[in-house]
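Work through the exercises below with the structure open beside you, and try each task before you read its solution.

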Amino acid sequence: MAFDGITIANLTAELNDTLLDGRIYKIVQPEKDELLLTIKNHGTQYRLLMSASPTLPLLYLTEKNKQAPMTAPNFCMLLRKHLQNARIVEITQPDFERVVVFFLEHLNELGDLCRKKLVIELMGKHSNLIFTDENDCIIDSIKRISGMVSSVREVLPGRAYYIPKTQEKQNPLKVDTDGIKRAVSGRPMPVFQALYTSFTGLSPIVAQEICHRAGVDADRAANTLSDEALSAVAEAFVQLSNHVRQGEFAPNIIYEGKEPREYAAFPLTVYEGAQTVPYEQMSALLEAYYAQKSAVTRIRQKSADLRKIVQTAYERNIKKYDLQCRQLQDTEKREKYKVYGELLNTYGYSAPEGASQLEALNYYTNETVTIPLDPSLSAGDNAKKYFERYGKLKRTNEALLALTKETKAETDHLESVMTALDIARGEEDLIEIKEELIESGYIRRRAGNKRARVTSRPFHYVSSDGFHIYVGKNNYQNEALTFRLATGGDWWFHAKGIPGSHVIVKTQGSELPDRTFEEAAALAAHYSKGAAQDKVEIDYTLRKNVKKPNGAKPGFVVYYTNFSMTIAPDIAGITELDS
């Protein structure tokens, strides 16, 4: 979710409750575009993180400290000079913009009381931290923006500070239902887009939420809405605005599996039924959300090299398999040459010398066939030539059958590795996948390097009925679960015909309830290549029916007795354990 106006309104209310009348005790600049203020208030010490990063601008209270650089940057030194021991007298969000202004009082060198402002603009790549005097004259900023960089506004010492109005948007807290209807109606674009492009501080997801609460299709063109639908949208908009005005916030994170998908300062009914984790404070939510998002991003970045290796090998194998299949198709005419040879041995005596063809009855099909001949050869030599061609194609066919089988197995194996990379949550998971790629010959082990120590463990869940369910994260774990952890009477689940995790349900000799079968199948669907589909077909059988063919790739198994079910890959509500 974007760091939108409602999130900032929630945060501003929280900061007023926590920091108002507090004094700035310490100022550090751990990154070139980031400040960490330590503030003492009511006998408690708080840390306020202020980041103007172009990729991830943030503002929240945190308990974590950051190391200050050996030499403080100029902007940090300037703030220390003016704001050390300054008192926070007001925190505002002007015009519902993505801007927070801290009004500060301090004593100057002469002991006179002065007022300053520290402004943080949370506007994506245009984010900034700006220090001004009480008359909005810029003293300095963490990023200086000259006219050469921006034609909209200069952010330089001595310039007047103002919030640039690049779009004519209205403040959603200062508009009534009639104003909302006027702003939205007649616009040839989806309703939710008409909303967030007309009002300050609204993100697309909030606009979609308003439409959902109004019972209106968010993708419907705004200029096609009836008066009744427009009124419903306006009413839902006003209700949400009233909650913001009254400070009625309920911060929460919406999860998709274990990955945070969205967050908001209020319940998002558009994600009805999804797993939701509430937070008392927006700061705690932001810290948790972006830490988890960062972990996911970090794993994806760390897996990028492995993905490139696997993808390159996969594409090469696909091309090789296609070529082999075409060559195999060419060998299908070998039987025709065998028949030509046999017919020439039978009827060749009737072919005139120097003939270029011979018509003969095919006694296999009772049809007359025309056999091309080399006029320079006798019928017997032509027959011998056809038998030689048949033998060559037969040998080629046998070789290609083995090669295509081998290439297909390698392609399936690489697909399973790609799925394992999608499933991986931590660096320890990537280490095990890399080890598999080394042992499969896709990566060369460096001289002197030993086999990496594996600390990755399978996912461990408990069904609603108390049965323990284990899910492999990669091929090695799949094999270990199926052939070492599971016993013959345990149940085994796998997505049908696509790469995915082996899922084992430990029965302890008990009969499984239907609900446990469904939950195990949902896990097999979720941890498979079909996780993005609405429904996935799952095969399940007793572990004793699952076999590993000799020489098969890691994690590859066969089974001939099984049941099947089709289920959604939704694992919300299934309890995951840490071990």
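For counting charges, Lys and Arg are taken as positive and Asp and Glu as negative, while His and the chain ends are not counted. Please keep in mind throughout that this is a predicted model.

**Exercise 1.** Find how far apart the mean positions of the positive and negative charges of the protein chain are.

Solution. Begin with the two groups, which in the protein chain hold 73 positive and 75 negative charges. Next take the mean position of each group, and the separation between these two mean positions comes to 7 Å.

**Exercise 2.** Compare the radius of gyration of the protein chain with that of a compact globule of 579 residues.

Solution. For a compact globule of 579 residues, one would have a radius of gyration near 25 Å. The protein chain, by contrast, has 35 Å. As a further step, look at the C-alpha trace, which spans about 125 × 60 × 60 Å along its principal axes.

**Exercise 3.** Describe the secondary structure, the contacts and the surface of the protein chain.

Solution. The secondary structure comes to 13 helices and 21 strands. Turning to contacts between residues at least 6 apart in sequence, 58% of them join residues at least 24 apart. Buried residues make up 48% of the 579 residues, and the chain exposes about 30,000 Å², of which carbon and sulfur atoms supply 48%.

**Exercise 4.** Check whether the span of helix 1 agrees with its number of residues, and state how many of these residues are buried.

Solution. Helix 1 covers residues 5-19, and its 15 residues, at 1.5 Å a residue, should span 21 Å, because the expected span uses one less than the number of residues. The end C-alpha atoms of helix 1 are 20 Å apart, which agrees with the expected value. As for burial, helix 1 is mostly covered, with 12 of its 15 residues buried; among them are Ile 6, Ile 8, Leu 11 and Leu 15.

**Exercise 5.** Asp 21 and Gln 508 each have a positive phi; say where each residue is found and whether it is buried, partly exposed or exposed.

Solution. Asp 21, with phi near 75 degrees, is found in the loop between helix 1 and strand 1. Its relative accessible area is 43%, so Asp 21 is partly exposed. Gln 508, which is not a glycine and has a phi of about 55 degrees, is found in the loop between strand 18 and helix 13. Exposed means over 50% relative accessible area, and therefore Gln 508, at 69%, counts as exposed.

Methods. Residues numbered from 1 in each chain as written. Predicted model: local features only at pLDDT ≥ 70, side-chain atom pairs only at ≥ 80, totals over all residues. Heavy atoms only, no water. Helix = DSSP H or I, 4+ residues; strand = E, 2+ residues; numbered from the N terminus. Rg over C-alpha atoms; globule rule 2.2 N^0.38 Å. Buried < 20%, exposed > 50% of the residue type's maximum accessible area, 1.4 Å probe, protein only. Contact = heavy atoms within 4.5 Å. Areas by Shrake-Rupley, 256 points an atom, 1.4 Å probe, with all protein chains shown as cover. Charge placed at Lys NZ, Arg CZ, Asp CG, Glu CD.
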